[in-house]
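Hi,

Here is the structure I said I would pass on. Have a look at it first, and then read my notes underneath.

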Amino acid sequence: SKMGGGSNSSHNIDNGKYVRYTPEQVEALERLYNDCPKPSSMRRQQLIRECPILSNIEPKQIKVWFQNRRCREKQRKEASRLQAVNRKLTAMNKLLMEENDRLQKQVSHLVYENSYFRQHPQNQGNLATTDTSCESVVTSASISGNLMKSLVSFIRLLSIADETLTEFISKATGTAVEWVQMPGMKPGPDSIGIVAISHGCTGIAARACGLVGLDPTRVAEILKDKPSWLRDCRSLDIVNVLSTANGGTLELIYMQLYAPTTLAPARDFWMLRYTSVMEDGSLVICERSLNNTQNGPSMPPSPHFVRAEILPSGYLIRPCEGGGSILHIVDHLDLEPWSVPEVLRSLYESSTLLAQRTTMAALRYLRQISQEISQPNVSGWGRRPAALRALSQRLSKGFNEAVNGFSDEGWSMLESDGIDDVTLLVNSSPTKMMMTSSLPFSNGFTSMPSAVLCAKASMLLQNVPPSILLRFLREHRQEWADNSIDAYSASAIKAGPCSLPIPRPGSFGGQVILPLAHTIENEEFMEVIKLESLGHYQEDMMMPADIFLLQMCGGVDENAVESCSELIFAPIDASFSDDAPIIPSGFRIIPLDSKSEGLSPNRTLDLASALDIGSRTAGDSCGSRGNTKSVMTIAFQLAFEMHMQENVASMARQYVRSVIASVQRVALALSPSSHQLSGGLRPPPASPEAHTLARWISHSYRCYLGVELLKPNGNDLLKSLWHHPDALMCCSLKALPPVFTFANQAGLDMLETTLVALQDITLEKIFDNNGKKTFCSDFPQIMQQGFMCTDGGICMSSMGRAVTYEKAVAWKVLNDDEDPHCICFVFLNWSFI
């Protein structure tokens with residue numbers, strides 16, 4: 001029963017069932033809730049004493065009010081989340097129904113063709129001669145060559161545009177191409193969308209449809225600006241623009257794509273792009289190559305490029321109810337695979353790679369822009385997302401320029417030393433050197449780099465997944481990098497005297513990885529690598545105390561089919577200004593077949609110890625799925641002064657050869673050896689310290705809480721700890737504030753970090769104010785009592801994302817001598833908010 005009016009507010013309890021609060025009391029409680037949503041018993045009593053307006057309410061009822069308030073907050077958040085999910089599901093359901101209709105049409109079409117061929121077998125042989133496709137019609141209706149010496153008439157271009165539109169729509173929503181679902185892609189409300197690749201058609205084709213939180217006009221504007229999102233696009237020049245009667249536009253475009261590896265020439269395209277609005281309000285952007293069969297205007301061939309063909313492709317953008325757009329993408333190319341060595345032809349005949357690098361790249365970029373608009377928070381190092389994207393594009397473009405080495409950008413090749421494994425290029429053009437000459441002279445020195453040297457090479461790898469190898473190169477830089485070369489590169493961008501490096505073994509300590517930013521689905525992330533100095537350099541060398549590298553990493557997910565893996569880095573000044581020079585170097589690994597299914601995601605955990613003892617046992621049973629091939633391209637750039645060219649060239653050549661040798665050694669350790677294939681494969685042995693820590697954690701948990709934490713997988717406690725579904729992490733007792741020293745896979749996922757970068761995260765960084773009060777201030781209690789349990793709360797990942805958990809337990813981990821070794825935390829049922 002409820003209380004009557006406000007006059008009875010002094011008697012706030014009616015039969016112990018319901019309490020009515022005055023507006024003033026509710027306002028006071030809300031203020032207290034904002035400061036501390038979960039006060040302890042002592043805190044509640046203190047609140048009543050400090051706030052006289054609450055003095056007539058029993059402490060028990062205050063507790064109930066806070067419980068109800070937390071419950072309402074949780075319900076509100078859940079309702080908001082469910083509404084967002086429902087909107088996504090509604091739109092995705094519409095998309096799936098359309099996809100189902102298209103598939104039913106395709107089945108009907110195939111059934112009809114099958115029955116026709118059964119009834120008219122004699123017509124099958126004549127099928128090719130009765131083809132009435134648009135290209136045949138165009139050829140038969142071609143205008144005489146004399147009239148084609150100038151631009152084709154507007155009517156003819158419009159005719160080509162209409163044919164392109166019809167063909168594109170039939171590919172996007174009809175049965176013109178037989179599409180099969182992309183391996184490993186599962187459509188859902190949070191997935192990238194529905195992705196399919198072609199089966200049995202000319203060239204390679206990929207198709208995707210998905211939801212984008214941007215209006216159709218904005219989507220069209222972004223998609224037409226290909227160099228902004230297609231990393232392979234070197235340039236896109238609009239040669240001519242014509243308007244059509246229906247409000248559309250015709251554009252004549254010349255586009256160049258970078259070659260992904262040094263072993264193949266780059267591609268260029270001469271094409272027509274048609275933008276129009278359909279009757280239902282949908283925006284359509286479609287394109288196709290202009291060649292002799294269309295009798296369109298021609299573009300002369302370019303040196304260093306192979307003219308490839310775009311078959312009718314494009315984008316269908318429809319407005320979505322409630323805002324946003326439904327987007328259909330079709331990419332259909334013929335990349336002229338005859339022009340590359342046979343071993344590389346699968347790169348140019350893979351619809352899956354086209355989907356990964358072009359079709360899905362467009363969708364991901366649009367989703368990234370959409371998220372930045374909806375959550376415009378400043379991210380890592382005080383930079384807005386657009387600035388970080390610009391940095392990643394500069395890294396990618398600089399690396400592509402180095403790999404391709406176009407002469408029109410100023411690159412010229414140096415003579416070989418007789419062994420053709422490493423190619424050396426030099427660039428002293430003014431445009432190339434603007435990035436370093438823009439820096440002011442420092443410390444009175446007037447000398448500065450006047451050229452850039454690039455040493456590059458490509459190699460074939462057997463039976464090692466690109467993602468696994470790349471993760472190892474990232475996490476164990478000391479296995480392949482030369483600290484003195486890094487120091488030389490860092491000093492060059494400071495516009496100081498670039499003396500040749502003198503090898504100093506052990507002059508730098510380990511690397512510290514500082515996360516900077518990542519894309520929505522973590523397919524690419526940026527970070528700053530800090531190489532800590534342990535020694536001193538000669539005074540006249542101006543070497544930095546610590547070296548900083550800006551690094552971009554992508555393709556480390558083994559579950560992404562035929563994913564291209566990249567690790568690109570460039571030395572930066574500690575000030576990290578936006579106009580700082582970026583001279584990128586790095587690795588690119590591209591699979592040459594589709595057999596490179598993912599192996600165990602944790603293969604690199606203890607590989608360094610395996611390499612130290614020369615072990616070849618880094619494979620597991622997944623590695624025996626047949627030989628997989630990939631091509632690795634390495635390109636390193638160094639700024640130097642022209643009078644040092646000969647010495648720098650010799651140094652760079654030897655360095656790249658040493659890196660190649662290191663990569664081959666790592667690849668050998670990662671791939672199963674021949675004698676193990678017959679006797680069964682075993683994973684590499686983990687370090688003894690890791691096994692010991694797992695034993696100490698499990699034993700201490702059992703002692704203090706009386707239950708088992710881990711269920712041994714065989715006798716392997718470490719494996720059980722690593723794969724434990726809840727987030728486990730260890731915190732050092734030696735450092736103040738305490739820092740993390742170890743985490744299992746769930747813990748690393750929760751903190752959005754790696755084992756290497758983990759040790760740079762302190763306990764205080766991850767907790768909000770309530771968490772700091774609970775854990776950081778109660779460390780003595782944990783040490784005295786041995787453990788502490790708390791209800792749910794919120795903490796932060798290293799990327800600044802909020803993480804909620806239902807319960808947390810902290811306990812003291814004792815070593816074999818019963819002395820405290822560390823504090824271990826476990827967070828149950830955690831999830832990102």
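**What I found**

The protein chain has 23 helices and 26 strands in its secondary structure. Keep in mind that this is a predicted model. Of the 833 residues in the protein chain, 52% are buried. If you take the contacts between residues at least 6 apart in sequence, 66% of them join residues at least 24 apart.

**Helix H9 and its neighbours**

I'd begin with H9, which covers residues 351-374. With 24 residues at 1.5 Å each, H9 should span 34 Å, and its end C-alpha atoms are 33 Å apart, so the two values agree. H9 does have a bend of about 45 degrees, at Ala361. As for its surroundings, H9 is mostly covered, with 19 of its 24 residues buried.

Which helices pack against H9? One of them is H10 (residues 385-404), whose axis lies 10 Å from that of H9 at an angle of about 150 degrees. The pair therefore counts as roughly antiparallel, since the angle is over 145 degrees. On the H9 side of this contact you'll find Tyr365, Ile369 and Glu372, and they meet Pro385, Ala386, Arg389 and Gln393 in H10.

Another is H6 (residues 216-224), which packs against H9 at about 125 degrees with the axes 11 Å apart. That angle makes H6 and H9 oblique to each other, and their crossing is right-handed. Here H6 brings in Arg218, Val219, Ile222 and Leu223, while H9 offers Ala362, Tyr365, Leu366 and Ile369. You may notice that Tyr365 and Ile369 of H9 turn up in the contact with H10 and again in the one with H6. A general point helps when you look at such lists: an α-helix has 3.6 residues a turn, so residues three or four places apart point the same way.

**Helix H12 against H15**

Is H12 buried or exposed? It is largely enclosed by the rest of the structure, because 10 of its 10 residues are buried. Charged names are on that list too: the buried residues of H12 include Arg471, Arg474 and Glu475, along with Pro466 and Ser467.

H12 (residues 466-475) runs past H15 (residues 645-670), with the axes coming within 10 Å and crossing at roughly 125 degrees. The two helices are therefore oblique to each other, and H12 passes H15 in a right-handed crossing. From H12, the residues in contact are Ile468, Leu469, Phe472 and Leu473, and their partners in H15 are Val663, Val666, Ala667 and Leu670.

**Two loop residues to click on**

Ser429 sits in the loop between strand S13 (423-427) and helix H11 (430-437). Its relative accessible area is 13%, and because that is under 20%, Ser429 counts as buried. Leaving aside residues up to four places away in sequence, Ser429 touches Glu409 and Gly410. Asp408 is 21 residues from Ser429 in sequence, and their C-alpha atoms are 9.8 Å apart in space.

For Lys734, go to the loop between strand S21 (727-732) and strand S22 (740-743). Lys734 has a relative accessibility of 82%, which is over 50%, so it counts as exposed. How far is Lys734 from His821 in space, C-alpha to C-alpha? The distance is 9.0 Å, although Lys734 and His821 are 87 residues apart in sequence.

Cheers

How values were computed:
Residues are numbered from 1 along each chain as its sequence is written. This is a predicted model: local features need pLDDT of at least 70, side-chain atom pairs count only at pLDDT 80 or more; totals for chains, interfaces and linings use all residues. Side-chain values use heavy atoms; hydrogens and water are left out. Helices (H or I, at least four residues) and strands (E, at least two) are DSSP runs, numbered from the N terminus. The expected span of a helix is 1.5 Å times one less than its number of residues. The bend at a residue is the angle between axes fitted to the seven residues ending there and the seven starting there. Buried means under 20% relative accessible area, exposed over 50%, partly exposed in between (1.4 Å probe, protein chains only). Axes are lines fitted to C-alpha atoms, for helices over the stretch in contact, and angles run from 0 to 180 degrees between N-to-C directions. Angles under 35 degrees count as roughly parallel, over 145 as roughly antiparallel, 65 to 115 as roughly perpendicular and the rest as oblique. A crossing is left-handed if the near helix is turned anticlockwise from the far one by less than a right angle, and right-handed if clockwise. Contact means heavy atoms within 4.5 Å.
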